[in-house]
Amino acid sequence: MQISSRFTLAVHIFACIDTFKEEYKVTSDFLAGSTNVNPVIVRKILGQLKAAGLVKVARGTGGAWIPKPLDEITLLDIYRAVDCVENGELFHFHENPSTQCPVGRNIHNILDDKLYRVQQAMEKELGSITLEDVKRDTQKYIGAEKGEKENG
């Protein structure tokens, strides 16, 4: 099972907003061009990020912007904002394991604590990475591409 692509899409959106904020109005159509995702989906994610206070969006074609310093927004904030997991649980159990089977009867006892620890570790790591880190890498890779074009 994978975490929804809404998470990576949301991080992509932040990278675009920050990268292009001085040059363009960063609208859902603009973001759709970069993400290659339908603008309706982009608007939905922007709405979730807005509800979490992570972005501001001007109605119409006003564009989106980030109201907080990038070092104050973590990947965990984004992960939680876009509802990547059902009921806050990363791992979803299959429905109705057999109570007739000793494994099925005990699978929750066997796995629940372990999976909870895995989720906690992942969330701790997401909380340690900020959008400032993403910005730094975005600039590094875009700069490398520009250097290749100039030298190529």
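**Helix α2, its aromatic neighbours and the largest pocket**

Helix α2 spans residues 28-35, and its residues Ser28, Leu31, Ala32 and Thr35 are buried. Viewed down the axis of α2, these buried residues fall within an arc of 105°, so they line one face of the helix. The model is a predicted one. Asp29 and Gly33 are exposed and sit on the face of α2 turned away from the buried side. The cover over the buried residues of α2 includes two helices, α1 (6-20) and α3 (39-51). Asparagine 36 follows α2. The phi of asparagine 36 is positive, near 60°.

Aromatic contacts were examined next. The count comes to 4 aromatic pairs. One of these joins phenylalanine 20 and tyrosine 24 in an edge-to-face arrangement. Their ring centres lie 5.9 Å apart, with 70° between the planes. Phenylalanine 20 has a relative accessibility of 24% and therefore counts as partly exposed, since buried means under 20%. Tyrosine 24 is also partly exposed, with a relative accessible area of 44%.

Phenylalanine 20 also pairs with phenylalanine 30. This pair is edge-to-face, at 5.3 Å centre to centre and 70° between the planes. It links distant parts of the chain: phenylalanine 20 belongs to helix α1 and phenylalanine 30 to helix α2, 10 residues apart. Phenylalanine 30 is partly exposed, at 24% relative accessibility. Together, Phe20, Tyr24 and Phe30 make up one aromatic cluster. Helix α2 thus appears in two settings: Leu31 and Ala32 are among its buried residues, while Phe30 takes part in the aromatic cluster.

The largest pocket was then characterised. It holds about 310 Å³ of space. Its lining comprises 15 residues. Arg43, Val57, Ala58, Arg59 and Gly60 lie nearest the pocket centre. Two helices and two strands contribute to the lining: α2, α3, β1 (56-58) and β2 (63-65) each supply at least two residues. Helix α3 gives the largest share, 4 residues. By class, the lining of the pocket has 5 nonpolar, 6 polar and 4 charged residues.

Helices α2 and α3 recur across these results. Helix α3 is part of what covers the buried residues of α2, and both helices supply residues to the lining of the largest pocket.

Technical notes. Residues are numbered from 1 along each chain as its sequence is written. This is a predicted model: local features need pLDDT of at least 70, side-chain atom pairs count only at pLDDT 80 or more; totals for chains, interfaces and linings use all residues. Side-chain values use heavy atoms; hydrogens and water are left out. Buried means under 20% relative accessible area, exposed over 50%, partly exposed in between (1.4 Å probe, protein chains only). The arc is that of the directions from the helix axis to the C-beta atoms. Contact means heavy atoms within 4.5 Å. On a 1 Å grid over the protein atoms alone, a cavity is a set of points where a 1.4 Å probe fits but cannot get out, and a pocket is an open set with protein on both sides within 12 Å along at least five of seven lines; lining residues have an atom within 4 Å of a point. Grid points are joined across faces, edges and corners, and a volume is the space filled by probe spheres set on the points. Ala, Val, Leu, Ile, Met, Phe, Trp, Tyr, Cys and Pro count as nonpolar, Asp, Glu, Lys and Arg as charged, and the others, Gly among them, as polar. Rings of Phe, Tyr and Trp (its six-membered ring) pair if their centres lie within 6.5 Å; planes under 30 degrees apart count as stacked, over 60 as edge-to-face and the rest as tilted.
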